[in-house]
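Here is a short set of exercises to work through with the viewer open. Try each task before reading its solution.

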Amino acid sequence: MRYLMLICGTSHDESKPLPSEPMDTATEAWVKEMDGRGVRLMGQRLRPASMATTIRVNDGEVLLTDGPFAETKEQILGFDLLDCENLDEALEVAAKHPSARHGAVEVRPLWPFAGEES
């Protein structure tokens, strides 16, 4: 079963440059372990929420808003797509992610594609 793991944390102070290294050592070790286990299909950091555009269509009119939908100090910083036997394994994988110690990690099952088992 596939799960989306959302990495959440406090927003980055955009007056400071982003770290030059894409991952810290602990996250790099987590990625290596989960890739080795074959449960991590892909993952990526996201650019700051200030670069987001929120889209709504209201009565056929497209409305664009710069930035995130909600004003919050916590935002989605990245994601990983997992393929695990069950929810217990997905939660075990997510609990090992370094961001779970200083932020939050949300795990959601994906709907299966048409013709796939759920």
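Contact here means heavy atoms within 4.5 Å. Keep in mind that this is a predicted model.

**Exercise 1. Find the residues that Cys84 contacts, leaving aside its neighbours within four places in sequence.**

Solution.
- Step 1: Apply the cut-off, heavy atoms within 4.5 Å.
- Step 2: Leave out the neighbours of Cys84 within four places in sequence.
- Step 3: The contacts of Cys84 are then Met1, Tyr3, Val39, Glu89, Ala90 and Val93.

**Exercise 2. Describe the largest nonpolar core and say which elements each supply at least two of its residues.**

Solution.
- Step 1: The largest nonpolar core has 13 residues.
- Step 2: Those with the most contacts inside this core are Tyr3, Met5, Trp30, Leu82, Cys84, Val93 and Val107.
- Step 3: At least two residues of the core come from each of strand E1 (2–10), helix H1 (25–37) and helix H2 (87–95).
- Step 4: For context, nonpolar side chains tend to be buried together in soluble globular proteins.

**Exercise 3. Decide whether Ile7 is buried or exposed, and list what it touches.**

Solution.
- Step 1: Locate Ile7 in strand E1.
- Step 2: Ile7 counts as buried because its relative accessibility is 7%, and buried means under 20%.
- Step 3: Not counting residues up to four places away in sequence, Ile7 touches Gln75, Ile76, Leu77, Gly78, Phe79, Asp80, His97, Ser99, Ala104 and Val105.
- Step 4: Compare sequence and space for one pair: Ile7 and Ala100 are 93 residues apart in sequence, and their C-alpha atoms are 8.1 Å apart.

**Exercise 4. Trace the network of salt bridges that includes Arg37.**

Solution.
- Step 1: Begin with Arg37 and Glu33, which form a salt bridge whose closest N and O atoms are 3.8 Å apart. The two are separated by about one helical turn because they are four residues apart in helix H1.
- Step 2: Check their accessibility. Arg37 counts as partly exposed at 35% relative accessibility, and Glu33 is partly exposed with a relative accessible area of 35%.
- Step 3: Arg37 also meets Glu89 in a salt bridge, at 3.4 Å from N to O. This pair links distant parts of the chain, with Arg37 in helix H1 and Glu89 in helix H2, 52 residues apart.
- Step 4: Add the salt bridge between the side chains of Glu92 and Lys96, at 3.3 Å from N to O. Glu92 is partly exposed at 30% relative accessible area, and Lys96 counts as partly exposed at 37%.
- Step 5: Put together, Glu33, Arg37, Glu89, Glu92 and Lys96 are linked in a network of salt bridges. The protein's salt bridges come to eight.

**Exercise 5. Examine strands E3 and E4 and the loop between them.**

Solution.
- Step 1: Look for the nonpolar patch on the surface, formed by Ile55, Val57, Val62 and Leu64. Together these residues have about 420 Å² of accessible area.
- Step 2: Assign the patch to its elements: strand E3 (53–58) and strand E4 (61–66) each supply at least two of its residues.
- Step 3: Take Val62, which lies in strand E4. Val62 counts as exposed because its relative accessibility is 52%, and exposed means over 50%.
- Step 4: Move to Asp59, in the loop between E3 and E4. Asp59 counts as exposed, at 80% relative accessibility.
- Step 5: Check the backbone. Asp59 has a positive phi of about 55 degrees, although it is not a glycine. Most residues other than glycine have a negative phi.

**Exercise 6. Summarise the fold, its contacts and the confidence of the model.**

Solution.
- Step 1: Count the elements: there are three helices and six strands. Along the sequence they follow the pattern β-α-β-β-β-β-α-α-β.
- Step 2: Of the contacts with a separation of 6 or more, 73% are between residues 24 or more positions apart.
- Step 3: Turn to burial and surface. Buried residues make up 26% of the 118 residues. The accessible surface comes to about 8600 Å², and 54% of it belongs to carbon and sulfur atoms.
- Step 4: Finish with confidence. The average pLDDT is 86, and 83% of the residues score at least 70. Where pLDDT is low, the predicted coordinates should not be read in detail.

Conventions: Residues are numbered from 1 along each chain as its sequence is written. Side-chain values use heavy atoms; hydrogens and water are left out. A nonpolar core is a set of buried Ala, Val, Leu, Ile, Met, Phe, Trp, Tyr and Cys residues joined through side-chain atoms within 4.5 Å. Buried means under 20% relative accessible area, exposed over 50%, partly exposed in between (1.4 Å probe, protein chains only). pLDDT is the predictor's confidence in each residue, from 0 to 100. Patches are made of residues with over 30% relative accessible area and no salt bridge: like charges are joined within 9 Å, nonpolar side chains (Val, Leu, Ile, Met, Phe, Trp, Tyr) within 5 Å. Accessible areas come from the Shrake-Rupley method with a 1.4 Å probe; for residues, only the protein chains shown count as cover. A salt bridge is a side-chain nitrogen of Lys or Arg within 4 Å of a carboxyl oxygen of Asp or Glu.
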